[in-house]
Amino acid sequence: MRIIQAPSTNEAIQTVATLILEKAISHPRSVLGLATGRTMIPVYAHLEKLQKIYENPFRDCFFFMLDEYLELPEGHPSSFKSYIKDHFVKPLGLKESQFAFPPADLSGGDEHYENLIKESGGVDLQLLGLGLNGHVGFNEPGSLKSSRTRIIPLTEDTLRANRDQFTDKIPTHALSMGIGTILESKELLMLVTGKAKADVVKYILNHHDDPNCPATYLKSHPHFTLVLDPEAASKINLNI
Ligand code: GLP
């Protein structure tokens, strides 16, 4: 596990954006896993600036989305599909055909998304945020390390944390790549910013493979980079 403690929130964001950009430049046909959430909005805004300098480095990439709410009609403004269109697809001039979204209907079998990922050759770099309760994607506490893409009931903590993203009722269930799915990515890149997440960051560093905090599972990945801003890192001391 590599930890990058950035000297400011802006530098944490720029570090993450640069690592994503470098992947696309070094491997133009990269398969990238993308995350949503408030944390990632400035990352995508920075990528928009960078890609103008580097002349559309993502044009030959393919993208898998990490998670999505269930029960939302197509085009709902609070869906992660709308989020990624607004913050990444449109501003960077990408094509929707470069993206795969977790299917809202798993009645055809929940292996569909997993198979798409496998057929693409697997995710080269998976971008990840962190839930206040240690969730990754929507893998809530209690998720198994071996879990696959599935429907997950959201905890009260997550519903509370994300309620302000909805003007109407927040969905009670979501679809997420599983922890086992995420761990098959060749590289993991997690960005955590803000004081509210300082406790969970400390918990992750002090615990291993703890089902109460699914982010602890990621530490066993050979190429896991955790980028922290000063506030998120405020309760850890890496010098001990
Ligand atoms: C959400 C999403 C995650 C996201 C995380 C953090 O519930 N399921 O994919 O990374 O929680 O969100 P935020 O960045 O808004 O704190």
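# A walk through the ligand site and beyond

Start at Thr 39: an N or O atom in its side chain is 2.4 Å from an oxygen atom of the ligand. Bear in mind as you click around that this is a predicted model.

**Stop 1: the ligand and its polar partners**

Keep the ligand on screen and add His 135, where a polar side-chain atom lies 3.0 Å from a ligand oxygen. Then add Asn 162, which places a polar side-chain atom 2.8 Å from an oxygen atom of the ligand. How much of the ligand does the protein bury? On its own the ligand exposes 390 Å², and the protein buries 93% of that.

Now switch on a surface if you like: the ligand sits in the largest pocket. Select the shell next, which comes to 13 residues around the ligand. The closest of them are Arg 38, Thr 39, Asp 67, Asn 162 and Lys 197. Colour the shell by residue type and you should get 3 nonpolar, 7 polar and 3 charged residues.

**Stop 2: strand E8**

Leave the ligand and pick strand E8, residues 173-176. Two residues are worth a click here. Ala 174 is in this strand, and is it buried or exposed? Ala 174 is buried, since its relative accessible area is 0%, and the cut-off for that label is under 20%. Show Ile 152 as well: this residue is 22 positions from Ala 174 along the chain, yet their C-alpha atoms are separated by 5.4 Å.

Ser 176 belongs to strand E8 too. Ser 176 is buried, again with a relative accessible area of 0%. What does the side chain of Ser 176 reach? Draw a distance to the backbone nitrogen of Phe 138 and you'll get 3.0 Å.

**Stop 3: the loop leading into E8**

Step back to the loop between helix H5 (156-162) and E8, and select Asp 168. At a relative accessible area of 41%, Asp 168 is partly exposed. Turn on side chains here: the one on Asp 168 makes a polar contact with the side chain of His 76, at 2.9 Å. While you're there, label Ser 78. Asp 168 and Ser 78 are 90 residues apart in sequence, and their C-alpha atoms are 9.4 Å apart in space.

**Stop 4: the loop between H7 and E10**

Next, select the loop between helix H7 (198-206) and strand E10 (224-228), where Asp 209 is found. Check the backbone torsions: phi of Asp 209 is near 45 degrees, a positive value in a residue other than glycine. Asp 209 counts as partly exposed, because its relative accessibility is 38% and that label covers the range between the 20% and 50% cut-offs.

Leu 218 lies in that loop between H7 and E10 as well. Is Leu 218 buried or exposed? Leu 218 is buried, with a relative accessible area of 0%. For a C-alpha distance to display, try Leu 218 to His 208: the two are 10 residues apart along the chain and separated by 8.8 Å.

**Stop 5: one more positive phi**

Finish at Glu 55, in the loop between helix H2 (41-53) and strand E3 (62-65). What is the phi of Glu 55 near? Your torsion readout should be near 55 degrees, a positive value in a residue other than glycine. Glu 55 is exposed because its relative accessible area is 62%, and that label needs a value over 50%.

Definitions and conventions. Residues are numbered from 1 along each chain as its sequence is written. This is a predicted model: local features need pLDDT of at least 70, side-chain atom pairs count only at pLDDT 80 or more; totals for chains, interfaces and linings use all residues. Side-chain values use heavy atoms; hydrogens and water are left out. A residue is near a molecule or strand if one of its heavy atoms lies within 4 Å of it. A polar contact is a pair of N or O atoms within 3.5 Å; within protein, one must be able to donate a hydrogen and the other to accept it, and residues adjacent in sequence count only if both atoms are side-chain atoms. Accessible areas come from the Shrake-Rupley method with a 1.4 Å probe; for residues, only the protein chains shown count as cover. On a 1 Å grid over the protein atoms alone, a cavity is a set of points where a 1.4 Å probe fits but cannot get out, and a pocket is an open set with protein on both sides within 12 Å along at least five of seven lines; lining residues have an atom within 4 Å of a point. A molecule sits in a cavity or pocket if more than half of its atoms lie within 2 Å of its grid points. Ala, Val, Leu, Ile, Met, Phe, Trp, Tyr, Cys and Pro count as nonpolar, Asp, Glu, Lys and Arg as charged, and the others, Gly among them, as polar. Helices (H or I, at least four residues) and strands (E, at least two) are DSSP runs, numbered from the N terminus. Buried means under 20% relative accessible area, exposed over 50%, partly exposed in between (1.4 Å probe, protein chains only).
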